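Reader: I would like a close look at a single part of this model, chosen so that one residue can be followed outward to what surrounds it. Which residue would you start from, and what does its environment look like? Please give the cut-offs behind each term, as I would want to reproduce the assignments.

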Amino acid sequence: KICLEIPKKDLKELKMKLKDLYSLCKEIPEGMTPWECKGKVNSLCTSIYRESGLAKIPAVRQYVADLIRGGAKFLIFAHHLDVIDGIESCVAAEKTRYIKITGETSASERHRQVKVFQADN
């Protein structure tokens with residue numbers, strides 16, 4: 001687990017959205033989670049989740065660059081393609097080999113890439 005500091009501008013926007021979410025959550029029927037509700041609450045949750053990931057990209061990129069320069073072999077998992085793309089650009093800039101698997105990767109290609117990763121020393 002890595003502690004990442006979110007830039008002040010991004011943090012301000014996230015706090016405003018969290019405040020909006022808190023207000024909307026007061027209207028959710030008891031026993032129901034925000035993810036089960038449709039409309040504004042679900043949209044706001046998704047937006048907060050995505051934007052918090054995007055806000056962390058600069059710090060994650062620095063951490064990944066440090067790992068690469070240290071010769072580490074590692075895995076990164078991310079939910080949003082924007083975040084994956086942001087990390088990928090860092091790895092590419094370091095001119096190191098990498099494997100990228102997303103939901104768009106076919107099962108056969110995913111299997112092939114996993115085998116490559118496992119065999120690579």
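Author:

**One residue and its surroundings**

Gln113 is buried, with a relative accessible area of 13%, where buried stands for under 20%, exposed for over 50% and partly exposed for what lies in between, using a 1.4 Å probe and the protein chains only. The model is a predicted one, in which local features need pLDDT of at least 70 and side-chain atom pairs pLDDT 80 or more, whereas totals for chains, interfaces and linings use all residues. Numbering starts from 1 along each chain as its sequence is written, and side-chain values rest on heavy atoms, with hydrogens and water left out.

Gln113 belongs to helix α4, a helix being a DSSP run of H or I of at least four residues, a strand a run of E of at least two, both numbered from the N terminus. The chain has four helices and zero strands, and along the sequence this reads α-α-α-α. Of its 121 residues, 23% count as buried.

Once its neighbours within four places in sequence are set aside, Gln113 is in contact with Ile99, Lys100 and Ile101, contact meaning heavy atoms within 4.5 Å. For the chain as a whole, among contacts with a separation of 6 or more, 52% are between residues 24 or more positions apart.

Two of these partners lead further. Ile99 leads to the largest pocket, whose volume is about 1,000 Å³. Of the 31 residues that line this pocket, Ile99 is among the closest to its centre, together with Phe74, Leu75, Tyr98 and Phe117. The elements that give two or more residues to that lining are α3 (81-93) and α4 (107-119), and α4, the helix that holds Gln113, gives the most, with six residues. A pocket here is an open set of points on a 1 Å grid over the protein atoms alone, where a 1.4 Å probe fits, with protein on both sides within 12 Å along at least five of seven lines, and a lining residue has an atom within 4 Å of a point; the volume is the space filled by probe spheres set on the points, which are joined across faces, edges and corners. By class, the lining consists of 17 nonpolar, eight polar and six charged residues, with Ala, Val, Leu, Ile, Met, Phe, Trp, Tyr, Cys and Pro taken as nonpolar, Asp, Glu, Lys and Arg as charged, and the others, Gly among them, as polar.

Lys100, the second partner to follow, is linked with Asp85 and Glu88 in a network of salt bridges, each requiring a side-chain nitrogen of Lys or Arg within 4 Å of a carboxyl oxygen of Asp or Glu. The structure holds six salt bridges. Within helix α4 itself, the side chains of Arg112 and Glu109 meet in a salt bridge of 2.6 Å, N to O, the two residues being three apart, about one turn of the helix. Arg112 is partly exposed at 45% relative accessibility, and Glu109 is also partly exposed, at 26%, whereas Gln113 is buried.

Moving to the loop between α3 and α4, Glu94 and Arg69 form a salt bridge through their side chains at 2.6 Å, N to O. Because Glu94 is in that loop and Arg69 in helix α2, the pair ties together parts that are 25 residues apart in sequence. Glu94 counts as partly exposed at 24% relative accessibility, while Arg69, at 56%, counts as exposed. Lys95, also in the loop between α3 and α4, has a positive phi near 55 degrees although it is not a glycine, and at 76% relative accessibility Lys95 is exposed. As a rule, most residues other than glycine have a negative phi.

A further salt bridge joins Arg50 to Asp82, with the closest N and O atoms 2.1 Å apart. This pair links distant parts of the chain, since Arg50 is in helix α2 (residues 40-69) and Asp82 in helix α3, 32 residues away. Arg50 is partly exposed, with a relative accessible area of 33%, and Asp82 is partly exposed with a value of 33%.
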